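The following questions and answers introduce one molecular structure to a reader who has not met it before. Please look at the structure first.

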Amino acid sequence: MAKKANINATFDEVKDKYTKQRLDLMSDEQQELAEKIQTWYQDAYTEKDQRGIFDKMETADQYWEGEQSPPESDYDPASNTNVVNSTIEGQVAYLVEQNIDVEAKPRGPSDLPFRDKAVNLMRWCKDQNRLRRKVDVHERRRKKFGVGVLRVLFNPDVLDGLGLPQIEPVNPAYVFPDPVVSDIYRIQEGRFLIETINRSIESAKELFGEELADAITPGYSPMQYEDMFDEFDGWPGGEVAQDHYLHMLVWTHAWVPDDEAAQEQMVEEMEANPVTDDDVEAEDSGSAADAGVDGQSSSYAAPKSGKPMKKIIRLIEMSACGVILRDTLADDVVICENDNRYPYFFTPDMYREGTVWAKSTAELLIPVQDRINDLDDQIIYNARMTGNPQRVVDVNSGIDPDKLTNEGGLVIPSNYEGGIKWMEPPDMPTYVSQIRDKAINYDRVVVSRWSDQMNGVKQTGVDTATESLGLQQAGTQNITHDKMLLEETLAEVFEYALVLMMENYTTEEIFRITESSGADSFMAMNPNQLLNIPKLMPATSSFQQGFAQQFPAAENVPEWMPHPDGLTQKIALDIKVTVGAGLPSNKAFVFQMIDKAYASKAITPQEYRKLLRDYAGLPIEEQPPQPPMQQTMPGMMPQGAPGAAPAMQNPMVQGLAAGGAPMAPGGGA
């Protein structure tokens, strides 16, 4: 278990030059904040370490790599039939190959006219993020470590300065939620969330200035930190270079005055308590000391409950040694004004009670992997004993035991025949190979719910179509379950990304829209306007009557009308992400499905050709080529035309004479 460092020692005035520089740069409030953050980090790290999460993640990664049992000697076979890697990569491949689409339903009538623009904006964001490779990393970590984490932050520097909400997979080993939270779906209720990143001090100089960077203690960590994935092995001598530090992204909340709410509250109080002539006379007779700022009236004081406050997200960037490099609250920087969630979104593999750290597929497969490897070792040991059995040499035979080897054609001088006797090793028990086959063909499938058939290999012991279909259905259900959880997480991701785009794109921009057919079109819009769309209310009878008089040709009167006070609202959508939208990407399966649909006359020939071209990749035109027209002699009518003579049958082909009678044997009429 990791040991806590002495926090007070970090700010001890007699410490090294880095501590003195920190003390000179930071105020007392900043030092208290840094100490509080270190305590948060230590608590979260300790809780994670005591649950054995770091050990489980490291073990899962070693088994996935195939490095869990290196040979202990030259004689050690170190068997490694890596079922962990094959199972995880098979499941990840099925999830990554699926098409991803974003849809949305309006929560109210006000949102409906703007729904399509918002959906197109989120689809554009999805395309710009190259989401497939990020889902690949996210799903692999979910299967290996039990949890996948996605982070969404707006990067104003990408896309030639346009900016983009960047969706990035984050390693769960370096994410530390509040240990008070014991449910992965309630991460947002925590006091804080910390992500640690290993960075160079040179990068800190570029981002935060040389003065702050020089105060960072290289290589310091509040905990007994070890690189889980051998991040520092590349340094000369295997030692950590003195140019790195542990960078912390510390997310928490803060309460700040809500000016808009205060203004609305003041207006409501003014409407509820209008100013009378007596109030004006009383105010005029008052002294100048009763006047407010700039001589304005102070009749309407703050409400008794106090000034309205709002909860915002706060980001503090800090080195592990306690140098606060950035504080969005102190700098008056808004990360996301209309959404105070932590920008981290968790997806569990298998939900585990009482903790945010879920159970992983790798964790289930490791015992099966160990059993298979142990049985393989026994089989290999037995094979070696059979090929190189022990021998008994008679001491009177004159045979030198040191010269007795397994070399082919070796001549062995002996005083008499029978001076050496080969010991016959016992046969390998049949139950060993049977248990091994059971472990790899049955136990592995039961534990992982993933059969060889899902990878295109015939399942051993499956002889009937019913058994095959049952295994296929079990694997499909597993993938469907994983897809559903991923869809829920991606829906939250794009909901947050939409808010970031609405807040950061404040002018009209042009966005590309990719149609389902693959054709591109473009949409010009100002996403910031989605924060203030007209609020609709049920149409009154007078509004409907006025509409009918203005548009007498209209068949129906509107059901909704704009709010008479011109109120606006932020667009509200129920976002749904579909993983597996459209046809599957397996072209053999797609061709078979399209062909069956055409054979059952579910689609027209034109639709059949279009689907084969778009989804199966066949180089064919959507419209079939027209057959060439038959040329006719002048004065002759085409065959089949009204009034034309019936076509003459070829006697040599049809077996008929020129007059149409059957030919006699020998070819005569």
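Two strands are said to pair if DSSP finds at least two bridges between them. Helices (H or I, at least four residues) and strands (E, at least two) are DSSP runs, numbered from the N terminus. This is a predicted model, in which local features need pLDDT of at least 70 and side-chain atom pairs count only at pLDDT 80 or more, while totals for chains, interfaces and linings use all residues. Residues are numbered from 1 along each chain as its sequence is written, and side-chain values use heavy atoms, with hydrogens and water left out.

Q: In what order do the five strands of the open sheet with antiparallel pairing lie?
A: Strands of a sheet pair through backbone hydrogen bonds, either parallel or antiparallel. In this sheet the pairing is antiparallel. The edge strands, β4 (175-177) and β8 (324-327), each pair on one side only. The order of the five strands is β4-β5-β6-β7-β8.

Q: What is the average twist from one strand to the next in this sheet?
A: Axes are lines fitted to C-alpha atoms, for helices over the stretch in contact, and angles run from 0 to 180 degrees between N-to-C directions. From one strand of the sheet to the next, the twist averages 25°.

Q: Which residue of β5 stands opposite Val175?
A: β4 and strand β5 (residues 192-200) are paired in the antiparallel sense, over three bridges. Opposite Val175, in β5, stands Glu195.

Q: Which strands does helix α8 touch where it packs on the sheet?
A: Contact means heavy atoms within 4.5 Å. Helix α8 (residues 201-208) has a direction that makes about 110° with that of β5. The strands that α8 touches are β5, β6 (244-257), β7 (309-319) and β8.

Q: Why is one side of β3 and of β9 left without a neighbour in the sheet?
A: Three strands form an open sheet with antiparallel pairing, in the order β3-β2-β9. β3 (164-170) and β9 (344-348) stand at the edges of this sheet. One side of each is left without a neighbour because each has a single partner strand.

Q: Which residue is the bridge partner of Val152 in β3?
A: Strand β2 (residues 147-155) runs antiparallel to β3 and is joined to β3 by seven bridges. Asn155 stands opposite Leu164 in β3. For Val152, the bridge partner in β3 is Ile167.

Q: How many of the seven residues of β3 are buried?
A: Buried means under 20% relative accessible area, exposed over 50%, and partly exposed in between (1.4 Å probe, protein chains only). β3 is largely enclosed by the rest of the structure, because its buried residues number five of the seven.

Q: Which residues does Leu159 touch, not counting residues up to four places away in sequence?
A: Leu159 lies in the loop between β2 and β3. With a relative accessible area of 34%, Leu159 is partly exposed. Its C-alpha atom is separated by 9.0 Å from that of Gln128, 31 residues apart along the chain. Under the stated exclusion, Leu159 touches Trp124, Gln128 and Leu164.

Q: Is Ile100 buried or exposed?
A: Ile100 is found in strand β1 (residues 100-106). Among the residues that Ile100 touches, not counting those up to four places away in sequence, are Lys126, Leu131 and Val577. Its relative accessible area is 17%, so Ile100 is buried.

Q: How is α12 oriented with respect to α13?
A: Angles under 35 degrees count as roughly parallel, over 145 as roughly antiparallel, 65 to 115 as roughly perpendicular and the rest as oblique. The axes of helix α12 (residues 361-387) and α13 come within 10 Å and cross at roughly 165°. That makes the orientation of α12 to α13 roughly antiparallel.

Q: What is the handedness of the crossing of α5 and α13?
A: A crossing is left-handed if the near helix is turned anticlockwise from the far one by less than a right angle, and right-handed if clockwise. Helix α5 (residues 83-96) and helix α13 (residues 430-448) pack at an angle of about 50°, with their axes 12 Å apart. α5 and α13 are therefore oblique to each other. Their crossing is right-handed.
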